[in-house]
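Let's take a friendly walk through some labels and ask what earns each one. Have the sequence and the model open beside you.

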Amino acid sequence: MCGRYATTRSAGDLSALFESQDETGGGVGPDHNVAPTDRVPLVRVSPEGHRALSVGRWGLVPSWSRSPSGAARMINARAETVATSRAYAGAFARRRCLVPADGWYEWVRSADGRKQPFYMTPSDGSVLAFAGIWSVWEGSADPLLTFSVLTTAALGELAEVHDRMPLLLPRERWGAWLASTDEPEGLLAPPRPDWLATLEIRPVGTAVGDVRNDGPQLTERVPLARAAGPQEMTLF
């Protein structure tokens, strides 16, 4: 799963990186501890047909929902079922987006019961793009833009931390993910193993477990007290 992540680049930087028009209205700020229902940047094709940097709330609310109260349970959509799920299929077919991130967090339980957080991030500091889907809920005075992150089976060393990971899209796949297609299922392939191998699996401090905490210190490497790495722990 993906339940916490970091996105810290400015709207200007993201607009340049994703070649998109900034439509955030100044609503993008650094967040080292994004949690469900937080408002964060995403890149989508706007109703007018151009690539836009927007602000959406994490946790998809289907257009037919009576209320947005269940959004926190819909932060992730499984790649294996997204095309057939009633909640996600429509968005997957017509409203795909890119979710910019610096990295994401997972927790591993050690043999003595402690939970050690890890931060997965590109070793070279480049931006990540999670595959996402979006929807607009119009059940209130102001339309609510929401999104989910697609997840897939973890591969390589990432599987030692958690059995799921975000569906990560290398830059050369961004355009195809956003484009219209009659067979979107072909877009769900995981990234190449050699590309995944460039990600760092970094142990970080436990402060990230509290959603009230924020700041660059959350992503700083810390020593592992009793384990040499995630391979010596059991999955949480």
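Q: In which strand does Arg164 lie?
A: Arg164 lies in strand E12, which covers residues 164–166; strands here are DSSP runs of at least two residues (E) and helices runs of at least four (H or I), numbered from the N terminus. This is a predicted model, in which local features need pLDDT of at least 70, side-chain atom pairs count only at pLDDT 80 or more, and totals for chains, interfaces and linings use all residues. Residues are numbered from 1 along each chain as its sequence is written, and side-chain values use heavy atoms, leaving out hydrogens and water.

Q: Why is Arg164 called buried?
A: Its relative accessible area is 10%. Buried means under 20%, exposed over 50% and partly exposed in between, with a 1.4 Å probe and protein chains only. Arg164 therefore counts as buried.

Q: What makes the backbone oxygen of Thr151 a partner for the side chain of Arg164?
A: That oxygen lies 3.0 Å from a polar atom of the Arg164 side chain.

Q: Why is the pair of Tyr5 and Phe130 called edge-to-face?
A: The centres are 5.4 Å apart and the planes meet at 75°. Rings of Phe, Tyr and Trp (its six-membered ring) pair if their centres lie within 6.5 Å; planes under 30 degrees apart count as stacked, over 60 as edge-to-face and the rest as tilted. So the angle makes this pair edge-to-face. The pair links distant parts of the chain, with Tyr5 in strand E1 (residues 5–7) and Phe130 in strand E10, 125 residues apart.

Q: How do you know whether Tyr5 is buried or exposed?
A: Tyr5 has 0% relative accessibility, so it counts as buried. Phe130 is also at 0% and counts as buried.

Q: Why is the pair of Trp58 and Phe147 called stacked?
A: The ring centres are 6.5 Å apart and the planes lie at 10°, so the pair is stacked. Trp58 in strand E5 (residues 51–58) and Phe147 in strand E11 are 89 residues apart. Trp58 is buried, with a relative accessible area of 0%, and Phe147 is buried at 0% as well.

Q: Which residues do ring pairs link into a cluster?
A: Tyr5, Trp58, Trp104, Phe130 and Phe147 are linked in this way.

Q: What lies over the face of Trp134?
A: Arg95 does, at 6.0 Å from the ring centre.

Notes:
Polar contact = N/O pair within 3.5 Å; in protein donor to acceptor, adjacent residues only side chain to side chain. Lys NZ or Arg CZ within 6 Å of the ring centre and 35° of its normal.
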